[in-house]
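Here's a quick briefing to read with the model open beside you. Take a look at the fold before you dive in.

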Amino acid sequence: MYHSNLQIKMFLSNHKVIANNLIMTAVLLFFTMLPSSASVTIQSAEGWLETAWVEWGNMSGAQGYSVYVSPAGENTWTKLDNELVRNYGTYGRADALGLKAGSYQLKVVPVNSKGVELTDEASVTESLEVRAHNRQGYAHFSRPTSSWLEGVGAYKNDGTLKDDCIVLYVTAQNAKTITVTFPRASTNGKITDTEYTGLQTVLDGYRKCTFSGALKRPLCVRIIGTIKNGDTDKFLSSQGLHVKAEQELTEFPVTIEGVGNDATIYGFGMQVSNCVGTEIRNLGIILCLDDGIEISRSNSNVWVHNMDLFYGQTGGESDKVKGDGAIDIKDSRFCTVSANHFFDCGKCCLIDAGSSAAEYYGDNLTYCGNWFDHADQRLPRCRHGHAFHVYNNYYDGNGLYGIGLASASCVLAENNWFRNCRYPIVSSAQGSDLWHVDKLKEQGTKSKGVMSGEEGGVCKAWNNHIEGATSYFNQNSNSTYGIDAYEVASRDEKVPATIVATKGGSSYSNFDTTEGEFYDCTPIATEDVPAVVTGQYGAGRCQKGDFSWEFNNATEDANCNLIPELKSALQSYKSKFVGFYSVSTGIGNVKVNGEQCDNNGIVNLAGQRVGNNYKGIVIIGNKKVLR
């Protein structure tokens, strides 16, 4: 067949156009399949203890973000509360709290100025491993396993919030103005709604309303960012905030916790009184007034864990240059102090003050998984009680002593790691305590010893690692000073009745081998303690907090003096928290569908209009109300 040159040119031209179109289509398909360049950029994400968190770069054009959590691979997304999604200037962060142990993913969805989620620009994390908190301790001993009193605090034993839990978010901006209405019963049984404003006043209102019987719901107070002395409405104790039940040993299922890695109370601490079943966790305490936390008078089943404890304010006495106690326990029982990070604290953990046991004294206490990071003494100082369990702690360069025993106390110390702790275990008026006195006499200095001349106690020691100690005496040391601890050949071995305190003559109670007096406990291997305690799921706040300090072991292991550079850094500390993206922490100017909410409108904390039957914290007019 004959084709003209024009036909041939047209044929080639048409095929060239078709080819170009195919190439363009392929290129467009290729770029369509690529992730959008405008999608959220996740910078980091991890699982932690019953928590998972994510951080992302702030996107141009995004007014805010919605963040969702789902079990990994299940694609069943639950939206986080708006207050858990925070702005840090150049990046955003969200923390999913109250998760069971398992694997999870977090999804970050940008929201435009009209409140519309830009789902095409969302990003999802990889699978994040969430682990459970360690609940092996006296705080959980014989506690209920169901109902609103399950376990300790506002969380169930599986790590999730208890049913019908009241959740409050507190920042420096609303600590004076946060307003909640609780039901309260009068003496004649009439129930009325009572309004409470301010953090301390709300805690006090919860005390009154639960005791009246009208309010039977747990309370979770979540601290965001830094709250300083002066930000709250008032204080009701010399320590600062007072978490107090109405009468001695009253059920008080409250959790006070920090959100994320930077939740801090600055310039004050907390006192706990009369409470049963109360929890404090994931907070930093900087430059407190006296004690960081004082569990004071008639408490039971209190759990303090995953805290960062720093210097307090300088006291009037020479030995209070670093402040007073970090976590002290007085006249309280069945408590656990676990997985806390003590930064060069002076007097860390005193149990009971005074020279004689009161009618109700400190007893049945657990200290586990703590990082005594160049802390000086009282790690802890055990007095009076017959059952103190101290295990899996990391003693990391301690200038004076680790575990102290006095006033007929009994301690089971097991699977602890002591690195350059001057006197790892010391009982008053014997062993290293007497050795210390003799060494000071040789230097021409008088001393009562590190335990102040009280009656002694007895320590049962099992499977501890000790290196770099100045002195340590067990029954095999052939010491003329007596022993610091009796080392057993197996964990279930009883301490003989012939082993008694040199001063006072008290013997070991063998509580740990007596049926009904001890809890099931499986310590981690001693050799794993340093890595676990200092690791991702170990002591201190989430991510080890937002304040870090590297100690110089060569100069700080034996130093009990204040470190000026550390004190200055704490005085200069400032959180990077800026605020929230789309929902204010205040309760004014609330809008629904772009319209101001009138006094008849009922809105939940997500800004959604709800009906009269809705249960939880709602906004009516310009006030938060519990329904």
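What follows covers the cores, one loop residue and one strand.

This is a predicted model, where local features need pLDDT of at least 70, side-chain atom pairs count only at pLDDT 80 or more, and totals for chains, interfaces and linings use all residues. Residues are numbered from 1 along each chain as its sequence is written, and side-chain values use heavy atoms, with hydrogens and water left out.

**Nonpolar cores**
- The largest nonpolar core (buried Ala, Val, Leu, Ile, Met, Phe, Trp, Tyr and Cys residues joined through side-chain atoms within 4.5 Å) holds 70 residues, and F182, I256, F342, I403, V411 and I425 touch the most other members.
- Helix α2 (residues 199-212) supplies the largest share of this core, 5 residues; helices here are DSSP runs of H or I, at least four residues, and strands are runs of E, at least two.
- Another core, of 33 residues, lies apart from it and includes V40 and M59.
- Contacts of V411 (heavy atoms within 4.5 Å) include F388, V390 and Y508, leaving out residues up to four places away in sequence.

**N301**
- You'll find N301 in the loop between β23 (293-296) and β24 (303-305).
- N301 counts as buried because its relative accessibility is 7%, and the cut-off for buried is under 20% relative accessible area (1.4 Å probe, protein chains only).
- Among the residues N301 touches are Y138, R143 and R333, not counting residues up to four places away in sequence.

**Strand β29**
- In β29 (residues 363-368), 6 of the 6 residues are buried, so the rest of the structure largely encloses it.
- β29 pairs with β27 (residues 333-338) in the parallel sense over 5 bridges; pairing takes at least two DSSP bridges.
- D363 in β29 is the bridge partner of R333.
- β29 also runs parallel to β32 (residues 388-391), joined by 4 bridges, and Y367 has V390 as its bridge partner in β32.

Note on methods
Buried < 20%, exposed > 50% of the residue type's maximum accessible area, 1.4 Å probe, protein only.
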